[in-house]
Amino acid sequence: MDPLSDVLALLNVEGAISARLEVGGSWSIRFPEYRHVKFGAVLSGSCWIAVEGAGMPVHLREGDCCLLANGLPYVVSGEGESEPVDVGAIVEPTAECVVRYGSEVPDTVVIGGDITFDELNAGLLLDSLPPLIVVRGSSDLAQALRSALELLAYETAAPRPASALMTGHLAHILFVQALRAYLSSLDAPSRAGWLSALTDPQIGASLVLMHEDLGRRWTVGELAAAVNMSRSSFAERFKALVGVAPFDYLLKRRMQTAGQALRAGDRTVSAIASEWGYGSESAFSNAFKRVMGHAPSHFRKAALH
């Protein structure tokens, strides 16, 4: 499995549309802190988005999408200057979650939603994402997003049977496509973390090798040779780009995957330990507790309550 698919499988990603915003005239809306990731897409018109702690406002046009990942408040506004209004003061959504604000005839329609993860593993992705990702609708990278946006526009325009199910799946698709577009837009790693490191030809290749066979007892020398690097250069570059040493990265991914099996509740700790190459349950338990902060039995009990 490729690294992105592997991590997303661990995260149990869920997507949901929170609202369709139809606005016009002079307007500005402040949104509060949030969990994990917010996404937005401009279905028609244009707007500005300003994320706390992420620099200057960014202009979004029809077809543009964005992901927000620092959990901090943000402001979405129109072209004219206006004092921001807290969204809680104006939101009285109908059953289909359509929020109308400003002039009677809207000139901008924005769709927004939430992407949430398994809380225990959320940092896997959040720690690797920048505060704001923008995918321009005019770019070649956004081509795959256009069909999803068209369907979202259709599904949110009026109540329809199984609408929540459809929009949830479409939100998930939009999220994955936006991540793909973000990775494709990087010429080189832009920040420490495995996600950005995927863009480096050699370190990215080593990450793919690891995720294709997490159970293998990789050595630094084997990984370095596989990507045509010296052992020392590979170890140094891997830590600089990913943020941790190869062995630490591999051990953490193994234990997180083992944790997912523990939470499923249908296999013994001994069986999971054996699958990951540990000769004894105690050796596995010690490694698991060191990485995950809890013994396997306690981790399982906490997940079941």
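Start with the largest nonpolar core of this predicted model. Select F117, L125, F175, W194, F234 and F284: of the 73 residues in this core, these touch the most other members. Then select helix 4, residues 163-185, which supplies the largest share of the core, 10 residues. In soluble globular proteins, nonpolar side chains tend to be buried together.

Next, pick L125 and show what surrounds it. Leaving aside residues up to four places away in sequence, L125 touches L8, L11, F117, F175, L179, W194 and L195. Another core lies apart from the largest one and has 22 residues. To find this second core, select A19, F31, V42 and L68, which are among its members.

Now turn to the aromatic rings. The structure holds eight aromatic pairs. Select F117 and F175 for one of them, a tilted pair with 6.0 Å from centre to centre and 45° between the planes. Which parts of the chain does this pair tie together? F117 lies in the loop between strand 10 (108-116) and helix 2 (123-126), while F175 lies in helix 4, so the pair links parts that are 58 residues apart in sequence. Are the two rings' residues buried or exposed? F117 counts as buried because its relative accessibility is 5%, and F175 counts as buried at 0%.

For another pair, select F288 and F299. This one is edge-to-face, with the centres 5.2 Å apart and 80° between the planes. F288 belongs to helix 11 (residues 281-292) and F299 to helix 12 (residues 296-304), so here the pair ties together parts that are 11 residues apart in sequence. F288 is buried, with a relative accessible area of 0%, and F299 is buried as well, at 5% relative accessibility. Add Y278 and F284 to the selection to see one aromatic cluster, formed by Y278, F284, F288 and F299. F284 has already appeared on this tour, among the residues that touch the most other members of the largest core.

Keep Y278 in view and add R217. The charged end of R217 sits over the ring of Y278, 5.1 Å from the ring centre. For another arginine over a ring, select R160 and Y154. R160 lies over the face of Y154, at 3.6 Å from the centre of the ring.

Go back to helix 4 and select Q177, which lies in this helix. Q177 counts as buried because its relative accessibility is 17%, under the 20% limit for that term. Not counting residues up to four places away in sequence, Q177 touches A144 and L145.

The last stop is at the cysteines. How many disulfides are there? The count comes to zero. Select C47 and C66 to see why these two are not bonded: the closest cysteine sulfur to that of C47 is in C66, and at 7.6 Å it is too far for a bond, since a disulfide requires the sulfur atoms to be within 2.5 Å. Seen from the other side, C66 is in no disulfide, and its nearest cysteine sulfur is that of C47. Both residues can be checked for burial: C47 counts as buried at 2% relative accessibility, and C66 is buried with a relative accessible area of 4%.

How values were computed:
Residues numbered from 1 in each chain as written. Predicted model: local features only at pLDDT ≥ 70, side-chain atom pairs only at ≥ 80, totals over all residues. Heavy atoms only, no water. Core = buried A, V, L, I, M, F, W, Y, C linked by side-chain atoms within 4.5 Å. Buried < 20%, exposed > 50% of the residue type's maximum accessible area, 1.4 Å probe, protein only. Helix = DSSP H or I, 4+ residues; strand = E, 2+ residues; numbered from the N terminus. Contact = heavy atoms within 4.5 Å. Phe/Tyr/Trp six-rings, centres within 6.5 Å; stacked < 30°, edge-to-face > 60°. Lys NZ or Arg CZ within 6 Å of the ring centre and 35° of its normal.
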